[in-house]
Every structure is written in structure tokens, then in C-alpha cells.
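Here is a short tour of one protein model, written for someone who likes to think in distances and angles. Have the coordinates open as you read.

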Amino acid sequence: MKDIGHLTREYNLNRIDITKIEQDPFALFDNWFKEALAIEDIEANSMILSTVNYNNKPSSRVVLLKEYSNCRFKFYTNYLSKKGKHIEDNAYVALLFYWPKSVRQIRIEGYAQKTSITESNNYFSQRPRESMASAIISKQSQKMEISMNSLMTEYNNLLNSNKPLNRPKHWGGYDVIPEYFEFWQGNKGRLHDRFQFTKEDNSTLWQIDQLYP
């Protein structure tokens with residue numbers, strides 16, 4: 001076994017005062033996201049999406065956040081993919097944003113629901129033609145029954161055709177409706193700042209609690 005216990009770094013950021021923290025988790029997300037956009041080298045909108053299947057086995061992968069508002073977070077994918085089938089079985093999902101330069105992460109838990117057909121059509125129509133063709137021909141997550149060369153030929157033929165590329169029924173968006181947020185900022189001596197936002201059923205107010213590091 002390779003020992004990698006020495007791979008660590010020290011953080012030394014300004015502490016977060018719970019009495020001054022933004023009371024709305026969506027507004028706080030917006031502030032942190034905009035700061036990450038300004039300083040991160042990676043795609044700040046990349047997030048880890050975790051799902052659970054009908055056997056309660058979890059699975060995680062990186063997807064891209066495409067839109068957010070004061071009530072939801074949106075991404076697009078193949079509905080017949082592994083994550084799509086998991087969401088069909090169990091709508092509860094988790095999102096994780098990690099920004100290494102900012103030394104911050106945000107955890108979001110909630111449930112996913114398909115976006116409207118109109119929204120999915122509008123977004124698909126704005127994608128590059130290459131992305132459209134890929135979405136149409138890909139049986140995402142399934143075992144390939146043809147060679148990659150054959151798939152590339154199919155892709156190029158579709159890409160270079162003159163016909164319009166319309167959104168396939170198996171591709172579209174999901175909205176994640178949060179029920180829980182946790183904001184984490186690394187700090188000195190591993191005494192990290194952690195704040196959770198929760199709310200009771202049918203309540204519009206969020207309860208804010210500071211967590212032990």
C-alpha cells in the first residue's frame with residue numbers, strides 16, 4: 001500500500017462569522033459561484049452528481065451546471081443513461097461543488113425532476129451542432145455493440161448532413177430542487193468553517209447551523 005498521508009496543505013483564510021452570513025443559501029451560492037468563476041482554473045460549473053439505484057447502490061460522476069435560480073439547479077443529460085435510470089428509480093440526488101483555489105465546497109441534497117419539453121428543446125437548439133450529433137447517436141452508459149470507428153462514421157455522416165438536428169426524446173434537462181445545503185471553507189489547523197441550511201416541510205425559512213469541522 002502506498003502511503004500518501006503526507007499529501008496535505010495548510011489553509012489560512014478569513015473566518016466566516018455566522019451572524020453575518022447570507023441568510024438565503026441560493027444567494028450565498030451565487031456569491032461563492034461568482035467568486036469561483038473569477039479565480040478558478042477549472043470549470044467552476046462542474047459538479048459531482050451522486051445518485052442511488054433501486055438497490056440503494058450509489059454512483060457519482062461529474063456533470064456541468066447549466067443554469068441556477070433561487071429555487072433550483074439545472075443540468076442536461078441522456079435520460080436513458082445510468083444516472084437517468086437511477087433518477088427514475090430514486091429522485092433524491094446530491095450535488096457537490098469543489099473549488100480548490102477558493103478552498104471551498106458546497107454540498108446540495110434534494111430531488112431531481114425533468115425540465116419541461118420546451119426548456120429542453122430550447123437548450124438543445126442552442127448547442128453546437130457537434131454536441132447535437134453526439135447526443136443523438138450516443139446510447140450513453142450502455143455497452144458498445146459497434147466499433148468506435150463505426151460510431152465515428154455515423155457521427156460524421158450525421159454532423160455533415162444538411163438536415164436539421166432535433167432533440168431526441170431520450171435527452172433533456174433535470175432540475176434539482178434543494179432541501180439541504182452545506183457550505184464548507186477550509187481553514188487553519190483543520191478548523192474548517194461549515195454551515196448547513198435546512199428547513200422544515202412546507203416552510204419557506206431556512207435554519208442555519210454551524211457544524212463542527
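In this predicted model, Gln196 has Asp209 in strand E9 as its bridge partner. That contact belongs to the pairing of E8 with E9 (residues 207-210), which is antiparallel and runs over four bridges. E8 (residues 193-198) also pairs with strand E7 (residues 171-185), again in the antiparallel sense, this time over six bridges. There, Phe183 stands opposite Phe195 of E8.

Now for the aromatic rings, where the model has 24 pairs. A pair of aromatic rings is described by the distance of the centres and the angle of the planes. Two examples are set out here.

| Ring pair | Distance of centres | Angle of planes | Class |
|---|---|---|---|
| Phe29 and Trp99 | 6.5 Å | 50° | tilted |
| Tyr123 and Trp171 | 6.1 Å | 5° | stacked |

The Phe29 and Trp99 pair joins distant parts of the chain: Phe29 belongs to helix H1 (residues 25-39) and Trp99 to strand E5 (residues 92-99), with their positions 70 residues apart. Both Phe29 and Trp99 are buried.

Tyr123 and Trp171 likewise link distant parts of the chain, 48 residues apart, with Tyr123 in helix H3 (residues 117-125) and Trp171 in strand E7. How do these two rings fare in terms of exposure? Tyr123 has a relative accessibility of 21%, so it counts as partly exposed, as buried means under 20%. Trp171, at 6% relative accessible area, is buried.

Ring pairs also build up a cluster, whose members include Phe29, Trp32, Trp99, Phe183 and Trp206. One of these rings, Trp32, has a charged neighbour as well: Arg104 lies over its face, 4.1 Å from the ring centre. Elsewhere, the charged end of Lys114 sits over the ring of Tyr79, at 4.2 Å from the centre.

Finally, if you are thinking about pockets, which residues lie nearest the centre of the largest pocket? They are Tyr76, Thr77, Arg127, Gln140 and Trp171, out of a lining of 18 residues. Strand E2 (58-64), strand E4 (73-78) and helix H4 (129-137) are the elements that each give two or more residues to this lining. The space in the largest pocket comes to about 350 Å³. By class, its lining has eight nonpolar, six polar and four charged residues. Trp171 thus appears in two places in this account, since Trp171 is stacked with Tyr123 and is among the residues nearest the pocket centre.

Definitions and conventions
Residues numbered from 1 in each chain as written. Predicted model: local features only at pLDDT ≥ 70, side-chain atom pairs only at ≥ 80, totals over all residues. Heavy atoms only, no water. Pairing = 2+ DSSP bridges. 1 Å grid on protein atoms, 1.4 Å probe; cavity = no way out; pocket = protein on both sides within 12 Å on 5 of 7 lines; lining within 4 Å. Points joined across faces, edges and corners; volume = space filled by probe spheres on them. Nonpolar A, V, L, I, M, F, W, Y, C, P; charged D, E, K, R; others polar. Phe/Tyr/Trp six-rings, centres within 6.5 Å; stacked < 30°, edge-to-face > 60°. Buried < 20%, exposed > 50% of the residue type's maximum accessible area, 1.4 Å probe, protein only. Lys NZ or Arg CZ within 6 Å of the ring centre and 35° of its normal.
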